[in-house]
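Student: I've got a structure to go through and a few things I'd like to ask. Can you walk me through it?

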Amino acid sequence: GYKRQLERPLLVYSDENIVVNIWSEELIKTEELAALICNKLGINYSDYVREEPLPEKMTLDKQPDVSRQYKLTGIVPSVDLSTGIDRVIAKLKNAWH
């Protein structure tokens, strides 16, 4: 299959108002993602994250579909979440220094 790495911001224009999952099909809870990022940054989760109850109609059962992402961009996620976070952190650190 065709894969390419996204190194720059990507703008996609569409005449439709649609939801596009920009991710991989790897599922992780929001608080687990926040904890992972805090851990990688060496910061205390409770100093930066405030957990709130879910809205009543919010469901915890998610099944992301990245087919629209591929259809619009041709991009297939090629790294796992942890590696992707490491790459973003490294790019941000380089940009800030």
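Student: What span is expected for helix 4 at 1.5 Å a residue, given its 16 residues?
Tutor: Keep in mind that this is a predicted model. From first C-alpha to last, helix 4 reaches 23 Å. That's close to what you'd expect for its 16 residues, namely 22 Å.

Student: Within what arc do the buried residues of helix 4 fall, seen down its axis?
Tutor: Start with who they are: L81, I85 and I89 are buried in helix 4. Looking down the axis, these buried residues line one face of the helix, because they fall within an arc of 70°.

Student: And which residues are exposed on the other side of helix 4?
Tutor: Exposed here takes over 50% relative accessible area. On that other side of helix 4, the ones that are exposed are N94 and A95.

Student: Which helix do the buried residues of helix 4 pack against?
Tutor: The protein chain has 4 helices and 0 strands, running α-α-α-α along the sequence. The buried residues of helix 4 pack against helix 1.

Student: How far apart are the end C-alpha atoms of helix 1?
Tutor: Helix 1 covers 30–41. Its 12 residues should span 16 Å at 1.5 Å a residue. The model agrees with that, with the end C-alpha atoms apart by 17 Å.

Student: Which residue in helix 4 forms a salt bridge with K40?
Tutor: The structure holds 2 salt bridges, and in this one the closest N and O atoms are 2.7 Å apart. K40 lies in helix 1 and its partner in helix 4, so the pair ties together parts that are 46 residues apart in sequence. K40 is partly exposed at 25% relative accessible area, and the partner is also partly exposed, at 37%. That partner is D86.

Student: What about E52: which residue forms a salt bridge with it?
Tutor: Here the closest N and O atoms are 2.6 Å apart. E52 is exposed, with a relative accessible area of 51%. Its partner is exposed too, with 69%, and the residue you're after is R50.

Student: What phi does G42 take just after helix 1?
Tutor: G42 comes just after helix 1, and its phi is positive. The value is about 70°.

Student: Is I43 buried, partly exposed or exposed?
Tutor: I43 sits in the loop between helix 1 and helix 2, the latter being 45–48. Buried would need under 20% relative accessible area and exposed over 50%. I43 has 31%, so it counts as partly exposed.

Student: How much surface does the nonpolar patch with I43 make up?
Tutor: I43 shares that patch with L41 and Y48. Together they make a nonpolar surface patch of about 300 Å².

Student: What separates the C-alpha atoms of P77 and V66?
Tutor: P77 is in the loop between helix 3 (67–73) and helix 4, and at 31% relative accessibility it counts as partly exposed. P77 and V66 are 11 residues apart along the chain. Their C-alpha atoms are separated by 9.0 Å.

Student: Last one, for the whole chain: what percentage of the residues are buried?
Tutor: The protein chain exposes about 8600 Å², with carbon and sulfur atoms supplying 53% of it. Among its contacts between residues at least 6 apart in sequence, 79% join residues at least 24 apart. Of the 97 residues, the buried ones make up 11%.

Notes: Residues numbered from 1 in each chain as written. Predicted model: local features only at pLDDT ≥ 70, side-chain atom pairs only at ≥ 80, totals over all residues. Heavy atoms only, no water. Patch = residues over 30% accessible without salt bridge, like charges linked within 9 Å, V, L, I, M, F, W, Y side chains within 5 Å. Areas by Shrake-Rupley, 256 points an atom, 1.4 Å probe, with all protein chains shown as cover. Salt bridge = Lys/Arg side-chain N within 4 Å of Asp/Glu carboxyl O. Helix = DSSP H or I, 4+ residues; strand = E, 2+ residues; numbered from the N terminus. Buried < 20%, exposed > 50% of the residue type's maximum accessible area, 1.4 Å probe, protein only. Expected span 1.5 Å × (residues − 1). Arc of directions from axis to C-beta. Contact = heavy atoms within 4.5 Å.
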